[in-house]
Amino acid sequence: MERAEPMLLRDARLADAAELQDVLVRDGRIEAIGPALPAPEGVRIVDAGGWLLSPPFVDPHFHMDATLSYGLPRVNESGTLLEGIALWGELKPRLTQGALVERALQYCDWAVAKGLLAIRTHVDVCDDRLLAVEALLQVKKTVAPYLDLQLVAFPQDGVLRSPTALANLKRALDLGVDVVGGIPHFERTMADGAASVKLLCELAAERGLRVDMHCDESDDPLSRHIETLAFETGRLGLHGRVTGSHLTSMHSMDNYYVSKLIPLMREAQVHAIANPLINITLQGRHDTYPKRRGMTRVPELMAAGINVAFGHDCVMDPWYSLGSADMLEVAQMGLHVAQMTSQSQMRACFDAVTVNPAKLMGLVDYGIGIGRHADFVLLQARDPVEAIRLRANRLMVVRRGRVVAHAPSAVATLNLPDRPTSVDWTLRR
Ligand SMILES: [Zn+2]
């Protein structure tokens, strides 16, 4: 990739500044931010038009080995998590490395076009060939100039339940997979689930790695592996390095128990990831009416000071037939399911697909600030809430100072002589 030329962005709206700001970018970093900056000689000037300049979107929970496989070898008829896992088991032996790489790269292109420049993806290690691991390690290298891909070694069939999963998981880490995964609620018993959490956290501590487990993705109020995850995090000194993904059983838990659990999570600095599109689709499937929503307790976790992020989880795979790499779609669903409708809560939903996931992934020099990476997206919206409402156009996506995607703004062309036309989706206040 060629070196990016210096760029001066004029009149950008930053979420935390009242006045429009100019942003000077050089050598892949943000060099200066301020109103009406002088233009250095030879710099390329770009008019940001008063639109919102946001740090790039970050997806902290995805399955890139399964994405874009919808309908292979058949579709999920029941729509349940368990049929999805069975279907993935049917597909796995038929996967080829070439097809895995091709689908993943196609998804990364979608991601870049949507301003999504960092993704943490789980990769199933329960195939002894480790085909998907090798494929995604190759993809990680290929996309590195334009997208941060972080891989989680994910024992889909259970690290204890599947006979070769632990050995495979260690091999995957040896090959360069970044994070230790797990799925305690899928082990045979509650005791095995707890044992798997302990084992995997110890492995992560030994190797100095982060942990991100599929944890309690269930409507069973007694699925309490998050308690063990928080305990092991504290015991092993992994504070701030461990994430509980899904945590849907918390939706159904006894309130008194949760009043003890949330402070334990806070004490261990465990991060939480909700996957709103998938949780609202897969959970509550055994219910008649009333049907539970099955998303974890997002506003309560946030209020307790726990870092909560939203993930996309699935796009066109055995579990979910829709999705488009648009993290604003994810934020919008999260906002609705959690009924987070106040101004500050809606902004918190925007943070849940930008700064919060960046924090749990440990992204370095992320955000709009002097000296940080020049990675950002210019959204056709005036503020984060409007961005969610509109699922705003990505007018320009920049990675390390280089424009990697752009889109025109929508304009009506009615050509009526007495009615000049334009499309302004914003509400001027
Ligand atoms: Zn998942």
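In the predicted model, Arg 389 and Glu 386 both belong to helix H14, which spans residues 384–390, and because three residues separate them, they stand about one helical turn apart. Their side chains meet in a salt bridge with an N to O distance of 3.7 Å. The two partners can be set apart by accessibility: Glu 386 is buried, at 5% relative accessibility, whereas Arg 389 is partly exposed, at 49%. Elsewhere, salt bridges with shared partners unite Asp 148, Asp 375, Arg 399 and Arg 400 in one network. In total, the structure contains 22 salt bridges.

A further pair within one helix is found in H5 (residues 190–207), where Glu 202 and Lys 198 lie four residues apart, about one turn of the helix. The closest N and O atoms of this salt bridge are 3.4 Å apart. Glu 202 is partly exposed, with a relative accessible area of 29%, and Lys 198 is likewise classed as partly exposed, at 38%. Arg 292 and Asp 287 form another salt bridge, in which the closest N and O atoms are separated by 2.7 Å. Here Asp 287 is buried, its relative accessible area being 13%, while Arg 292 is partly exposed at 31%.

The zinc ion has four protein donors, namely His 61 (NE2), His 63 (NE2), His 214 (NE2) and Asp 313 (OD), at 2.1 to 2.5 Å from the ion. The angles among the four donor atoms run from 84 to 177°, and the site is irregular. A tetrahedral assignment would require all angles to lie between 85 and 135 degrees. Along the sequence, the spacing of the donor residues follows the pattern H-x1-H-x150-H-x98-D. Distant parts of the chain are linked by the pair His 214 and Asp 313, which are 99 residues apart: His 214 lies in strand S10 (residues 210–215), and Asp 313 in the loop between strand S13 (308–310) and helix H11 (327–337). Both of these residues, His 214 and Asp 313, are buried.

The loop between S13 and H11 also holds Met 316. Met 316 shows a positive phi of about 50°, although it is not a glycine. Its relative accessible area is 28%, so Met 316 counts as partly exposed. Asp 27 is also a non-glycine residue with a positive phi, again of about 50°. Asp 27 is located in the loop between strand S2 (21–26) and strand S3 (29–34), and with a relative accessible area of 53% it is exposed. Most residues other than glycine have a negative phi, and most peptide bonds are trans.

Cis peptide bonds occur in the model as well. One joins Leu 72 and Pro 73, with omega of about -15°. Pro 73 is placed in the loop between strand S6 (57–62) and H1. Another cis peptide bond connects Tyr 289 to Pro 290, with omega of about -5°. Pro 290 is situated in the loop between helix H9 (276–282) and helix H10 (298–303).

The largest pocket has a volume of about 460 Å³. Its lining consists of 24 residues, and those nearest the centre are Leu 81, Leu 82, Glu 217, Ser 218 and Asp 219. Helix H1 (residues 81–91) supplies the largest share of this lining, three residues. By class, the lining of the largest pocket comprises eight nonpolar, eight polar and eight charged residues.

The second largest pocket encloses about 320 Å³ of space. It is lined by 16 residues, of which Leu 14, Ala 15, Asp 16, Pro 55 and Ile 368 lie nearest its centre. Two or more residues of this lining come from each of strand S5 (52–54) and helix H12 (343–351). The lining of the second largest pocket divides into nine nonpolar, three polar and four charged residues.

Conventions
Residues are numbered from 1 along each chain as its sequence is written. This is a predicted model: local features need pLDDT of at least 70, side-chain atom pairs count only at pLDDT 80 or more; totals for chains, interfaces and linings use all residues. Side-chain values use heavy atoms; hydrogens and water are left out. On a 1 Å grid over the protein atoms alone, a cavity is a set of points where a 1.4 Å probe fits but cannot get out, and a pocket is an open set with protein on both sides within 12 Å along at least five of seven lines; lining residues have an atom within 4 Å of a point. Grid points are joined across faces, edges and corners, and a volume is the space filled by probe spheres set on the points. Ala, Val, Leu, Ile, Met, Phe, Trp, Tyr, Cys and Pro count as nonpolar, Asp, Glu, Lys and Arg as charged, and the others, Gly among them, as polar. Donors are N, O and S atoms within 2.8 Å of the metal (3.2 Å for Na, K and Ca); water is not among the atoms, so sites may look incomplete. Four donors count as tetrahedral if all angles lie between 85 and 135 degrees; four count as square planar and six as octahedral if opposite donors are over 155 degrees apart and all others between 65 and 115; anything else is irregular. Buried means under 20% relative accessible area, exposed over 50%, partly exposed in between (1.4 Å probe, protein chains only). A salt bridge is a side-chain nitrogen of Lys or Arg within 4 Å of a carboxyl oxygen of Asp or Glu.
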